[in-house]
Amino acid sequence: MCIDCGCGTDEVSIDGRSYHSGHHAHAPHISNSRMVRIETDILAKNNEYAARNRDFFAERGILALNLVSSPGSGKTSLLTRTITDLNSSQAISVIEGDQQTTNDAERIRATGVAAVQINTGKGCHLDGHMVGHALEKLAPETNSLLFIENVGNLVCPAEFDLGEAHKVVILSVTEGEDKPIKYPDMFHAADVMLLNKVDLLPYLDFDVDKCIAYAKRVNPDIDVIQLSATKGDGLADWYAWLEERRVHPECGYKRTAHHVPSESINGAYNAPYGEEV
Amino acid sequence: MHEMSLCEGVLRVIEEQAAVQNYHKVKTVWLEVGALAGVEVDALRFGFDVVMKGSIATDATLEIIELEGQAWCPQCMKNVMIRQRFEACPECSNYHLQVNGGEELRIKELEVE
């Protein structure tokens, strides 16, 4: 049971195993109706977990990236290609989020790096709490690169901070070029848009300039990289973007709006919730 | 459907506060929801009833206070109202707006026993 966070969602499992049982608060009985001011952000709890994850990453020099997209954008293919190309020079690990199956974690492990699968059950996104537990199991190396592949969904993952340095949104040219304005919250939350499958452009009506203009309209600061995970176009630009952030991962953690400092983590290796690994 | 998760977050806060503020039943919940918070109010209402069932907030009424989206237009040098993130300034058509209101997602207050 998770003694530190103590909440109970039954559907979520990490590598097939549930990580806690639930409990609820019970208050003594007092009658008479009255008003109670609460003034609490609904996402405050998630943001606390995310802040703990963020401290964990920052203290260890881990560059954590939250990969978000629609299903079928080529996220996992891009990830396996990236790992294959960078693994010899850079320690990498992966947290995979899907509603069901461990297929993606297996694809990642086949490249030789450590991967933990979170199955969210009915859940449509990863949250800070799930990722904290996954980190206990994964135990990523210091100064490494951590990819968190979120559930394929351009809506809900925008709202849930995981403690990452950057959200990376992947859009493939086989989708609509107006997705940045159809799903503005996600493109607003992301720091970079990877336009994938550009090798297919000659066969499609996708207007790249229009797509980029839409993305910039929602988020004027968003970086855009055009690439093809299968053919290799543009990958050098993506790796250069990663390298720039890997050298200074703290830059990504400093400017995140939700950052609430948590207690410092002691010990040689403590996971975000204090349990020894 | 992350509205369901948000409702679970609301219930968690209600249950935590029950011990602190000494109540055993929640009759009304007031939530502030900004127009740019990425929340579908109908889905939130649906999720609320489902999630609260069997808890100290069973059958509680959900009151939603909707807050308008607001952004600073550096060209007009003032705040303007927007309904979506990708909207241009209604006065000068500039897209480079800085959102500064309407992202709220807060539990404001409760009517309890």
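Select Leu31(B) and Ile64(B) to start: Ile64(B), in E2(B), is the bridge partner of Leu31(B). The model on screen is a predicted one.

**Stop 1: the two strands around the starting pair**

Widen the selection to residues 26-34 of chain B, which make up strand E1, and add E2(B); seven bridges join the two, and they run parallel. Next to the starting pair, pick Trp30(B), which has Glu63(B) of E2(B) standing opposite.

**Stop 2: the other side of E1(B)**

Now add E6(B). Seven bridges join E6(B) to E1(B) as well, but here the strands run antiparallel. For a landmark, select Val33(B), whose bridge partner in E6(B) is Leu105(B). Strands of a sheet pair through backbone hydrogen bonds, either parallel or antiparallel, and both senses can be seen here: E1(B) runs parallel to E2(B) and antiparallel to E6(B).

**Stop 3: across to chain A**

Keep E6(B) selected and add residues 34-41 of chain A, which are strand E3. Six bridges join E3(A) to E6(B), and the two run antiparallel. Zoom in on Val36(A) and Leu110(B): the first stands opposite the second, which lies in E6(B).

With these four strands shown together, the order of the open sheet can be read off as E3(A)-E6(B)-E1(B)-E2(B), with mixed pairing. Which strands stand at the edges? They are E3 of chain A and E2 of chain B (61-67); each has a single partner strand, so one side of each lacks a neighbour in the sheet. From one strand to the next the twist averages 20°.

**Stop 4: the contact between the chains**

Select the residues of each chain that touch the other. Chain A gives 34 residues to the contact and chain B gives 33. On the chain B side, helix H1 (2-21) and strand E6 (105-112) each supply at least two residues. Which element gives the largest share of that side? Colour H1(B) to see it: 13 residues come from this helix. Coloured by class, the side of chain B that touches chain A shows 13 nonpolar, 10 polar and 10 charged residues.

**Stop 5: H1(B) against H2(B)**

Leave H1(B) on and add residues 41-52 of chain B, helix H2. The axes of the two helices come within 8 Å and cross at roughly 50°. H1(B) and H2(B) are therefore oblique to each other, and H1(B) passes H2(B) in a right-handed crossing.

To see the contact itself, show side chains on both helices. From H1(B), select Glu3(B), Met4(B), Leu6(B), Cys7(B), Glu8(B) and Leu11(B); they meet Ala43(B), Leu44(B), Gly47(B), Phe48(B), Val51(B) and Met52(B) of H2(B). By class, the residues of this contact are nine nonpolar, one polar and two charged.

**Stop 6: a second sheet in chain B**

Hide the helices and select E3, E4 and E5 of chain B. They form an open sheet of three strands in the order E4-E3-E5, with antiparallel pairing. The edge strands, E4 (78-82) and E5 (98-101), each pair on one side only. The twist here averages 40° from one strand to the next. Strand E3 (residues 69-73) pairs with E4(B) over five bridges, in the antiparallel sense. One pair to pick out is Ala71(B), which stands opposite Val80(B) in E4(B).

**Stop 7: a helix inside chain A**

Move to chain A and select residues 128-138, helix H4. Is this helix enclosed or open? Of its 11 residues, 10 are buried, so H4(A) is largely enclosed by the rest of the structure. Among the buried residues are His129(A), His133(A) and Glu136(A). To show what surrounds the helix, add these elements of chain A: strand E1 (13-14), helix H1 (44-60), strand E5 (92-98), strand E6 (114-119) and strand E7 (145-149); the buried residues of H4(A) pack against them. Then step past the end of the helix to Ala139(A), which follows H4(A) and has a positive phi, near 45°.

**Stop 8: Asp223(A)**

Finish at Asp223(A), which lies in strand E10 (residues 223-226) of chain A. Asp223(A) has 15 other C-beta atoms within 10 Å and is partly exposed. Select Asp191(A), Val192(A) and Trp241(A) too: leaving aside neighbours within four places in sequence, these are the residues in contact with Asp223(A). For a distance check, draw a line from C-alpha to C-alpha between Asp223(A) and Gly252(A): they are 14 Å apart in space and 29 residues apart in sequence.

How values were computed
Residues numbered from 1 in each chain as written. Chains lettered and ligands numbered in written order. Predicted model: local features only at pLDDT ≥ 70, side-chain atom pairs only at ≥ 80, totals over all residues. Buried ≥ 20, exposed ≤ 12 C-beta atoms within 10 Å, placed from the backbone. Contact = placed C-beta atoms within 7 Å. Nonpolar A, V, L, I, M, F, W, Y, C, P; charged D, E, K, R; others polar. Pairing = 2+ DSSP bridges. Axes fitted to C-alpha atoms, helices over the stretch in contact; angles between N-to-C directions. Parallel < 35°, antiparallel > 145°, perpendicular 65-115°, else oblique. Left-handed = near helix turned anticlockwise from the far one by under 90°.
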